[in-house]
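This briefing covers a single chain, grouped by topic. Read it alongside the model shown below.

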Amino acid sequence: MKVAVLALQGAFIEHEKIFESLGAETLELRQKKDCFDNFDALVLPGGESTVMGKLLRELDMFDILKKKIEEGIPVFGTCAGLLLLAKNIENDSRRHIALMDITVERNAYGRQLGSFETVSEFKGIGDVPMRFIRAPYIKHTDSDNVEVLSVVDDKIVAAREGNMLVTAFHPELTECNDIHRYFIDMI
């Protein structure tokens with residue numbers, strides 16, 4: 001199994017290490033030609049969604065990756081990756097891949113000083129550690145096809161729609177690999 005990780009900016013190395021520890025091969029997507037390699041799943045890591053969206057377009061990777069997701073490749077978006085996948089971003093006019101029927105609020109927990117850690121339930125797994133860094137959250141789902149997987153303080157922080165899994169937090173920055181295992185099961 002090969003998991004491609006968007007490696008333009010953000011916390012991509014941490015995802016790679018976890019997937020490799022679980023026996024998956026990883027591939028860094030840095031330029032258009034990388035998108036044509038064979039891979040079974042895609043990770044859109046945390047970082048800065050505006051920068052990632054801009055680079056995806058400038059490097060001519062955007063349409064290729066969007067088409068793969070539309071065709072059903074499993075994709076896991078964390079924090080900024082969630083913003084890339086969201087159809088609606090309430091406090092931002094930019095849209096990126098925009099395939100997941102969710103409305104999100106960008107930087108919903110405030111600036112860097114508003115970052116925090118907690119432990120909360122993730123459907124199908126149990127309690128997991130969650131690290132939020134300038135995180136968004138899902139204000140609401142916009143389709144019955146979206147399954148809410150985790151809620152913290154009455155805010156949706158993880159969801160799944162078909163082949164798309166998103167978290168507002170950074171599971172790759174904790175010692176727990178349960179959510180990455182969950183994603184591997186999706187593949």
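Helices and strands here are DSSP runs, numbered from the N terminus, a helix having at least four residues and a strand at least two. By this scheme, Arg-134 sits in the loop between strand 8 and strand 9 (137-141). The model is predicted. The chain comes to five helices and 12 strands.

**Overall form**

- The radius of gyration of the chain is 15 Å, close to the 16 Å that the globule rule gives for 187 residues, so the chain is as compact as a globular protein of that length.
- The C-alpha trace spans about 40 × 40 × 35 Å along its principal axes.
- Buried residues make up 53% of the 187 residues of the chain.
- Among contacts with a separation of 6 or more, 64% are between residues 24 or more positions apart.
- The exposed surface of the chain is about 8300 Å², and carbon and sulfur atoms supply 43% of that area.

**Helix 2**

- Helix 2 covers residues 49-58, and its buried residues are Ser-49, Met-52, Gly-53 and Leu-56.
- These buried residues lie on the same side of helix 2, because they cover an arc of only 100° around the axis.
- An α-helix has 3.6 residues a turn, so residues three or four places apart point the same way.
- The buried residues of helix 2 pack against strand 1 (2-6), helix 3 (62-70) and helix 4 (80-85).
- On the face turned away from the buried side, helix 2 carries the exposed residues Lys-54 and Glu-58.
- The N-terminal end of helix 2 is capped by Glu-48, which has a side-chain oxygen 3.1 Å from the backbone nitrogen of Thr-50.
- Asp-60 follows helix 2 and has a positive phi, near 60°.

**Salt bridges**

- Side chains of opposite charge can pair when their charged atoms come close.
- The cut-off used is a side-chain nitrogen of Lys or Arg within 4 Å of a carboxyl oxygen of Asp or Glu, and the count by this rule is 12 salt bridges.
- One of these pairs is Glu-25 with Lys-2, at 3.9 Å from N to O.
- Glu-25 belongs to strand 2 (residues 25-29) and Lys-2 to strand 1, so this salt bridge ties together parts that are 23 residues apart in sequence.
- Both partners are partly exposed: Glu-25 has 46% relative accessibility, and Lys-2 has a relative accessible area of 21%.
- Lys-67 pairs with Glu-71, their closest N and O atoms being 2.8 Å apart.
- Within that pair, Lys-67 is partly exposed at 47% relative accessibility, whereas Glu-71 is exposed at 57%.
- Lys-123 and Glu-147 also form a salt bridge, at 2.9 Å from N to O.
- This pair links distant parts of the chain, 24 residues apart: Lys-123 is in the loop between strand 7 (116-122) and strand 8 (126-132), and Glu-147 is in strand 10 (residues 147-152).
- Lys-123 is partly exposed, with a relative accessible area of 43%, and Glu-147 is partly exposed at 30%.
- Glu-90, Glu-105 and Lys-139 are joined in a network of salt bridges.

**Positive phi in loops**

- Most residues other than glycine have a negative phi.
- Cys-79 is not a glycine, yet its phi is positive, about 55°.
- Cys-79 is found in the loop between strand 4 (75-78) and helix 4.
- Is Cys-79 buried or exposed? At 5% relative accessibility Cys-79 counts as buried, because the cut-off for buried is under 20%.
- Arg-134, also a residue other than glycine, has a positive phi near 45°.
- Arg-134 is partly exposed, with a relative accessible area of 33%.

**The loop between strand 8 and strand 9**

- Ile-133 is placed in the loop between strand 8 and strand 9, where Arg-134 is also found.
- Ile-133 counts as partly exposed, at 25% relative accessibility.
- Which C-alpha separation is found between Ile-133 and Gly-47, 86 residues apart along the chain? The two C-alpha atoms are separated by 9.4 Å.

Notes:
Residues are numbered from 1 along each chain as its sequence is written. This is a predicted model: local features need pLDDT of at least 70, side-chain atom pairs count only at pLDDT 80 or more; totals for chains, interfaces and linings use all residues. Side-chain values use heavy atoms; hydrogens and water are left out. Buried means under 20% relative accessible area, exposed over 50%, partly exposed in between (1.4 Å probe, protein chains only). The arc is that of the directions from the helix axis to the C-beta atoms. Contact means heavy atoms within 4.5 Å. A polar contact is a pair of N or O atoms within 3.5 Å; within protein, one must be able to donate a hydrogen and the other to accept it, and residues adjacent in sequence count only if both atoms are side-chain atoms. The radius of gyration is taken over C-alpha atoms; the globule rule is 2.2 Å times the number of residues to the power 0.38. Accessible areas come from the Shrake-Rupley method with a 1.4 Å probe; for residues, only the protein chains shown count as cover.
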